[in-house]
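Trainee: I should like a close look at one part of this model. Please describe the sheet of the second chain and whatever surrounds it.

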Amino acid sequence: MIKVENRDLPKRYHDAVEHWQRHNFKDYDLLLKYWDKYFPKDESFCLCAKMELGTTDVIQIGEFKGEKKREKPEEMTPEQAKHLLAIIKAQASTEFGSIQQHAGTVDRARDDEDKFWTMRVMAEELRHGYQMLHLLLSEDWSSVSGGVTGEQMVEEILSMTTGSHVLDAFNLDYDSYTDNVVFAACIDRVGKYQLTMQKVCAYKPMADSMPPMLREEAFHLAAGVIPMRRWAQKAAQGDVFVTMPMMQHALNKWVPRGLEMFGDERGGDTNVKFGFKDLKNEEASSLYHEEVKKMVHDINTRFLRARFPDMTPDRCEQVLGDLERSRGTYHGVRWDDLLRVPDKRFFRRKGVHAFQMVGIDGETFESADEYLRYLAKNLNEGYVASRDMRLYAEALEKVAAGELKVEDAVKAMPKLKRVGGTCPCSKGVRWVMEDCDGGETTVAVR
Amino acid sequence: MPETTAAAKIRPLDELDLNGIVRIDEKITGRYQPDLWEQRVMFYVRRDPGASQVAEVDGRVVGFMLGDCRAGEFGLETPSGWIERFGIDPDFRGKDLGRQMFEAMCRHFKAEGATSVRTLVDRNDASLAGFLKAIGFGESPLTALERAI
């Protein structure tokens, strides 16, 4: 029987999360007020950690397979505990980070239903962040955290703003509500993979945290895919404000970052060896890429059926297949009027394909200038004009000119780091670039 | 008895099953209704993810069964599983897929604490009523009532 135990953080930490929410998710109370209108009869929202009970006690994978799952950090080797701590902190960072991203543009949703779906996603991400803080605070990690206390780790996580999060996908501002939706469809899908892989985690409190989070993640994916399907229909019917290029540009922005969230394609062995995840990075990111292709295929079907109402399902499949093979035109619909999933090497800045100059459809480019012009045409204007793109362009030009090694370019992509207190009012963060020797240089104060 | 058991994969519904479901419904009813199924799939994915099931053969959705586990309605305070919508591609009928999806849903309902599973059926729909009887549904003390307004 599925049993879930709800747990609260100690009051001062619970209060700290609520304080964070007041700064970063101002419409939270509005969501709770209208919850029953948009989600009638659904279980009401609970800001708490949810632990699945009755899960297996036995490690399912890795070098400790068959042994009893660990329940405390000190039951793991220091190396294992340190590795897991980094995973938990990264997971916590992503949960809080996505709320900050969503908050910037959620009010631009075209209708209230879309807005409330996004707000529910934000609330559940808040709960997921809370869940990770529970993992950090319910046990003593100080022996592997370099003396950093649970309180300090919470402070660090709650101080992060867009730009200072652990994973790059959470450091990009949204440029429009299109990003809210496409992010849910693409980046939350990475979240689904990570949570699914972590269901086997050899640290039992982590494994027990996953099923309730995964059940909520199912809604997040639908809150991305269903609006995209509806937009494809509108685009096919000639809505001038909703277009396929708009969605394509957002896919081009997010899919590369999603692929990078799995980690370098050459890695992941440690996660499997330690029993924390059941897939290596390359295996997981390839499955993800195939799943995004399926999603895009379905959205293209929705587009064609809306454009040609008399088209049968079989004919639609045939036309889609023909367009993909011929890259031609069908009754005025060009192949590139449809959505495409960017090639795995497109616009990468980390991993095995970092700083390669490969287009959406796998075409290659000889010069950085030519490639940057191509990116400018295939990403939205707001994003192209960002600091993130400027710094990427500078690094790419140096890599292409042989002035910078790829591995140094990867490190040189800037991050915001906290220098102030917990409260985001302080704006106590700065843009820093990591030097090749691990030092840091401040490039701007935010 | 079914003629054979198809090599089908029974798994929980997700948002990428929409096209498959719309396609099955279109084959059965002759109507293309993506909006309707987007609403319904969102409802079940949100309400009780893991309850609703699809049958997949060679990577293609050929059947679906949607429902959820709930309590507190019609004076039923203990949780009950509800089967509310299902469909099987006409080319894949008679292969026991309905039973397999039903059994997967029942396992989920039991895990959520339900001790019974309920549905409503049009008495005039002999084929549907026959299927439900074959998978073990019987008369209920609850009676569905209605009146025109």
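Mentor: Let us begin at a single bridge: B:Glu56 has B:Val61 in β3(B) as its bridge partner. This is a predicted model, in which local features need pLDDT of at least 70 and side-chain atom pairs count only at pLDDT 80 or more, while totals for chains, interfaces and linings use all residues. Residues are numbered from 1 along each chain as its sequence is written, and chains are lettered from A and ligands numbered from 1 in the order in which they are written.

As to confidence, pLDDT is the predictor's confidence in each residue, from 0 to 100. Chain B averages 91, and 96% of its residues score at least 70. For the complex, the predictor gives an ipTM of 0.89 and a pTM of 0.90.

The bridge between B:Glu56 and B:Val61 belongs to the antiparallel pairing of β2(B) with strand β3 (residues 60-70) of chain B, which extends over five bridges. Here two strands pair if DSSP finds at least two bridges between them; helices (H or I, at least four residues) and strands (E, at least two) are DSSP runs, numbered from the N terminus. β2(B) and β3(B) form a hairpin with two residues between them, and in the turn B:Asp58 has a positive phi of about 50°.

β2 (residues 53-57) of chain B also pairs with β1 (residues 9-12) of chain B, in the antiparallel sense over four bridges. Within β2(B), B:Ala55 stands opposite B:Ile10, and B:Val54 stands opposite B:Arg11. In a regular strand the side chains alternate between the two faces of the sheet.

The whole is an open sheet of five strands in chain B, ordered β1-β2-β3-β4-β5, with mixed pairing. Its edge strands are β1 and β5 (117-118) of chain B, each of which pairs on one side only.

Helices lie across this sheet. α1(B) lies across β2, β3 and β4 (80-88) of chain B and runs at about 100° to β3(B). Helix α3 (residues 97-111) of chain B lies across β1, β2, β3, β4 and β5 of chain B, at about 30° to β3(B). Axes are lines fitted to C-alpha atoms, for helices over the stretch in contact, and angles run from 0 to 180 degrees between N-to-C directions; two residues are in contact if their C-beta atoms, placed from the backbone, lie within 7 Å.

Finally, the partner chain: 20 residues of chain B are in contact with 19 residues of chain A. On the side of chain B that touches chain A, the elements giving two or more residues are α1 (18-29) and α2 (34-47) of chain B. α2(B) supplies the largest share, seven residues.
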